[in-house]
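Me: Could you take a close look at one strand for me and tell me what surrounds it? I would love a connected picture rather than a list.

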Amino acid sequence: MASRPISEMGLPKSIANVFAARSIKTAKDALSLTEFDLMELADMGLAEVTSALAHISERVSPPYQTALSLLEQRIQNEQLAGHLPTGLKGLDEALFGGIPFGVITELVGPAGIGKTQFCLKLSLLASLPTRHGGLDAQVIYIDVESKFSSKRLIEIGAQSFPEIFYTRGMAQEQMAGRILVLRPASLAEFTESLQQIKLLLLERRVKLLVIDSMAALTSGEFEHGASKINPLGWHISFLKSVGELSRIPIVVTNQVRSQSSDDTWRYNFQVGTRHRDLEDTSKYDSQLIAALGIHWAHAVTIRLILETISALAFPFSITSSGISLLNDDGIEVVGQEISTIHCDGHSEIIHSDTLQFHRQ
Amino acid sequence: MEVGRLPISAALKGKLVSAGYTSLSLLSSLSPSHLARDLNISENEALDILNHAPHDGRIDTSGGHHIISGAQTAWDMLHEEELLTRITTSSVDIDNILGGGISCREVTEIGGVPGIGKTQLGIQLAVNVQLPVHCGGLGGKAIYIDTEGSFMVERVLQIAEACWDDMLANNAISQNVHAGQVGMQPKDFLENILYFRVCSYTEQIALINYLDKFISEHRDVKIVVVDSITFHFRQDFEDMALRTRLLSGMALKLMKLAKKFCLAVVLLNQVTTKYAEGSFHLTLALGDSWSHACTNRIILYWNGNERYAYIDKSPSLRSASAPYAVTARGIRNNVSNCKRIKLM
């Protein structure tokens, strides 16, 4: 929309010609200038400029929809009303049906907690035929850390859906054949792959994109607070726009890092309480927060923290058939701690006042 | 005497003269309310007099002063402000620090860290604006401009259902039950939210330019929520000076919209860290020049285990914090016991 040429907008000829002569060729060029800049550049009066801009703006504006028609459209047109069920009943209920289409869902947690396992299960679910609750589609799995194991994938499939995987011998080949694994070795390769993926996504054959893990692509390159421009900035907006256009779920895993004393997470009107916390440095070493920074955190829509304490916690265990919940009722926890991660690994047992969690 | 020639009653003419309005030119710059007070008559009569007085421009009922066109006296503004209703946030504590709720004719910026409830508050306001005036709304429609894709339709339905339940419960108790009130079903709330999805900063600017025409065709819109104003301006903007110009242009247009159509504009903003006084603070994104652009600024933050709203900037409200909670029913007051089991 932004790159629509001015010549196609039905502006009066004289104005269109003047714009073209001043190299204002697309809507983006025109709207990036203020009215005064345009007046000066095109040597026109304010009234003319204002009406030209109003005309262009009307052509470039996106159309509207009522929220009701949005809901009805999704129920009618999309598989499972725009959600990919994870098979974890309590989680699916909390997410209104499952992992939502069109937005980025982040899985974050310490090493070994089960992020890749979750991704494998989701890939399998997406490749299943619709009568078994899947999307009957291809999956693109971007495996940055070389953790993808097709043997494990088949095992999950055989354990979770024995009726498909044993009665139809070709099932394994079919499911596994739908999952395309990419292994970019650098950020540049990743960027290139994304461009190619866009075409596949728009052709509607791929219905799930998994990136495992996003953090590994920049590990160490992006220092907190060092540069104003986030190296993943372009990728974030690309992923979001491509996900929206093609209405597919995008699942991204993120690592954790330890919290430094710089991560004060306070506003300047809260300064009074800061000094107390700074002295309590022992708190910092044990606290982990999600990597990739706050800019990334704003870009994701759903953040699932695989941990013992998160905003709505579901105790889980890793089994041969993937991940299963220990019980379907979650426990809600509030506080700034929804952004912090306490568990250090899978051998830890955490106690808190109200509940007891552990990984088996 | 010129005033003697006006086709009005003798009593009124007498009042005009004794108040000192001997010639018609003195009348041409007055607002009806001013004249009514001066002569101790009703506003309708004053309007009548002014309509008869020949003038070189149309009567500007908002009180235009002849010397500077478009100006208004502070007294007239006070009267207008008293008539303005506010939109409730569904949390009594937040409403209290806001003087009743989000006000119309002003741009309010709401910022906070991810997960604090900005989109939740935006959706709550888009639903609440549709409530009738005595329930804290304005009986109008909402425009929701989504730049990030965080608008979850199912959640809107959930909040609308809770709102409808509350309305039913209140109506059962209150004595003034008007006919059509309970007629609003939860899905009707969704029908009154006009949703725009914006995918680039060009579209964002174009849409804000176009809103002037759009809202003149949809006069029942009473709130515009932009979620978030920041997203498209944070990535790949090499020319920071251009960004500042575009942002301030947008802010001015939104302010004009708010004043012209008497609606509320709510802009949701993200946070970033800023290095000042030897350490990193959290601050709202888009820089210092943007922070001047909005009339009101509310920061949502965590204080221990609870969510708080803080009035960071307001021309008329004092700085204050209020706790709130995000529940399955939407934004509500914070119940002090925060050890809750799953609310679904």
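Reply: L107(A) stands opposite T253(A) in β8(A), and that match belongs to a longer run: β4(A) and strand β8 (residues 250–254) of chain A pair in the parallel sense over five bridges. Two strands count as paired if DSSP finds at least two bridges between them. Strands here are DSSP runs of E with at least two residues, helices are runs of H or I with at least four, and both are numbered from the N terminus.

Please keep in mind that this is a predicted model, where local features need pLDDT of at least 70, side-chain atom pairs count only at pLDDT 80 or more, and totals for chains, interfaces and linings use all residues. Residues are numbered from 1 along each chain as its sequence is written, chains are lettered from A and ligands numbered from 1 in the order in which they are written, and side-chain values use heavy atoms, with hydrogens and water left out.

β4(A) has another partner too: strand β11 (residues 302–305) of chain A, again in the parallel sense, over four bridges. There, V108(A) stands opposite I305(A).

Now for the side chains. I104(A), E106(A) and V108(A) point one way from β4(A), while T105(A) and L107(A) point the other way, and all are buried. Buried means under 20% relative accessible area, exposed over 50%, and partly exposed in between, using a 1.4 Å probe and protein chains only. Because five of the five residues of β4 (residues 104–108) in chain A are buried, the strand is largely enclosed by the rest of the structure.

For a glimpse of the other chain, chain B has 13 helices and 13 strands, and 53% of its 344 residues count as buried.
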